[in-house]
Amino acid sequence: MSGTSVSIGNIIIPSDSEAIMTLEGQYSSGVYGKRPLAIVRGKGARLWDAEGKEYIDCVGGHGVVNVGHCNPAVVQAITQQAQTLLTCPEMLHNNVRAALQAKLCQLANMGRVFLTNSGTESVEAAFKFARILTGRTEIIACMRAFHGRTMGSLSATWNKKYREPFMPLIPHISHVPFNNLEKLDQAISDQTAAIILEIVQGEGGVHPVDADFIEGAQRLCRERGALLIIDEVQTGFGRTGKMFAYQHYNIEPDLLCLAKSIAGGIPMGAVLINNRLGPIQSQTHGSTFGGNPIACAAALATIDYIETNHLDTRAAELGEWFVGRLRRIESEQIRVVRGKGLMVGIELKQKVTPYLQALMGENILALPAGLTVMRFLPPLVISKEELEQVAQAVEKVLLVK
Ligand code: PLP
């Protein structure tokens with residue numbers, strides 16, 4: 001069955017999966033390893049392909065749709081803003097941007113915010129701010145870390161597969177083992193501008209941080225004059241059971257990197273700047289689209305929805321149940337099940353790709369994290385019944401394979 005043909009002006013939008021995949025196959029850059037699936041519609045935790053086949057979505061746009069696909073509150077805010085003002089650079093003031101900046105700072109008890117359009121841009125901005133605020137150049141990141149793919153953030157990303165083709169990257173970035181405070185202590189010098197950490201390493205395999213390590217890292221930063229950058233691009237906005245994952249611990253980040261789910265599916269990112277650091281010197285950074293009114297309106301609706309519907313508590317409760325349910329699966333293939341809130345990983349003894357393909361055959365979409373971890377980042381509005389369906393499908397593919 002093929003859908004009805006649609007066009008925008010004179011340009012025809014392909015309507016069946018084969019036509020969509022053929023066109024993208026021909027013209028898309030080639031950098032993405034694509035699955036043979038053409039998604040055209042979403043609602044809550046469900047996606048539909050061009051022929052109307054339904055999937056439970058545990059990819060969540062790579063952890064973007066915490067409030068669910070096409071959340072009505074977000075759609076309404078975007079629609080209203082689209083009829084009012086589509087663009088407004090930050091050299092001019094703007095009403096929705098002002099409200100969002102204040103809201104973000106209040107949420108994390110921060111002083112100021114720089115708005116971006118993606119996670120990697122938030123990390124790049126944080127690195128520049130750390131250098132300019134400390135007058136130092138070195139950044140320390142962790143092994144297995146993922147911070148993005150542009151040249152600065154890529155330099156802090158650990159995986160050699162992503163980094164090596166682009167050497168030389170930016171200098172003065174080193175990596176220490178995650179959760180090893182002694183090694184971190186040894187790596188800090190009087191030129192360390194910042195340490196950058198994820199609270200749960202996502203791409204690196206769903207590894208939560210130890211309280212001693214993160215709290216010790218903050219202590220070392222304060223003692224040695226370095227800044228603590230927390231990268232919550234993946235863990236922010238309720239995902240791990242708190243609005244921000246660092247709030248599980250006794251820390252106050254100096255710079256907090258956000259993106260992904262901040263605006264319910266619209267591209268946006270942010271760097272929050274701690275009260276104790278002054279404003280950033282004028283003209284040292286900028287972005288044409290940063291603070292776009294549509295994205296700001298979407299973010300305000302997203303944050304309001306998360307707060308009003310207590311999606312953080314929901315993620316904590318459902319996540320605990322889901323991890324427990326997955327741990328009861330008796331499969332030879334499972335090494336361990338880990339997670340925090342609704343950021344969940346199953347580490348397998350074998351490569352994960354064939355199992356992800358088998359899950360797709362069961363109408364479930366999930367992600368890899370590294371070579372052997374099956375990762376779940378469902379919308380936080382997903383129901384327990386839907387998660388049970390996911391668990392049953394996982395059980396089936398892991399027992400059969
Ligand atoms: N930081 C973390 C922790 C991420 O998980 C990601 C993306 O997965 C990024 C940064 C980069 O974000 P983006 O893909 O929006 O540039």
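Trainee: In this predicted model, where does V206 lie?

Mentor: V206 lies in the loop that runs between β10 (200–201) and β11 (207–208), and its phi is positive, about 60°, although V206 is not a glycine. Most residues other than glycine have a negative phi.

Trainee: Why is V206 called buried or exposed?

Mentor: The word buried is used for a relative accessible area under 20%, and V206 has a relative accessibility of 0%, so V206 counts as buried.

Trainee: What makes Q283 buried or exposed?

Mentor: Exposed requires a relative accessible area over 50%, and because Q283 has 76%, Q283 is called exposed. Q283 sits in the loop between β14 (269–273) and α10 (293–308), and its phi, near 75°, is again a positive value in a residue other than glycine.

Trainee: Which kind of peptide bond joins M167 and P168, and what is its omega?

Mentor: The bond between M167 and P168 is a cis peptide bond, with omega at about 0°, and P168 has its place in the loop between α7 (160–163) and β8 (173–176). For background, most peptide bonds are trans.

Trainee: How do you know which residues surround the ligand?

Mentor: A residue is counted as near the ligand if one of its heavy atoms lies within 4 Å of it, and the residues surrounding the ligand are S118, G119, T120, F146, H147, G148, E198, E203, D231, V233, Q234 and K260. This shell divides into two nonpolar, six polar and four charged residues.

Trainee: What makes the pair between the ligand and D231 a polar contact?

Mentor: A polar contact needs a pair of N or O atoms within 3.5 Å, and a nitrogen atom of the ligand is 2.7 Å from an N or O atom in the side chain of D231, so the pair meets that cut-off. An oxygen atom of the ligand lies 2.8 Å from a polar backbone atom of T120, while for E203 the distance from a ligand oxygen atom to a side-chain N or O atom is 3.4 Å. Taken alone, the ligand exposes 390 Å², of which the protein buries 82%.

Trainee: How is the protein chain divided into domains, and how many residues of each are in contact?

Mentor: Domain 1 comprises 39–70 + 310–400, and domain 2 comprises 73–308; their C-alpha centres lie 25 Å apart. Contact calls for heavy atoms within 4.5 Å, and on that basis 29 residues of domain 1 are in contact with 31 residues of domain 2.

Conventions
Residues are numbered from 1 along each chain as its sequence is written. This is a predicted model: local features need pLDDT of at least 70, side-chain atom pairs count only at pLDDT 80 or more; totals for chains, interfaces and linings use all residues. Side-chain values use heavy atoms; hydrogens and water are left out. Helices (H or I, at least four residues) and strands (E, at least two) are DSSP runs, numbered from the N terminus. Buried means under 20% relative accessible area, exposed over 50%, partly exposed in between (1.4 Å probe, protein chains only). A polar contact is a pair of N or O atoms within 3.5 Å; within protein, one must be able to donate a hydrogen and the other to accept it, and residues adjacent in sequence count only if both atoms are side-chain atoms. Accessible areas come from the Shrake-Rupley method with a 1.4 Å probe; for residues, only the protein chains shown count as cover. Ala, Val, Leu, Ile, Met, Phe, Trp, Tyr, Cys and Pro count as nonpolar, Asp, Glu, Lys and Arg as charged, and the others, Gly among them, as polar. Domain bounds come from an automatic or database domain assignment.
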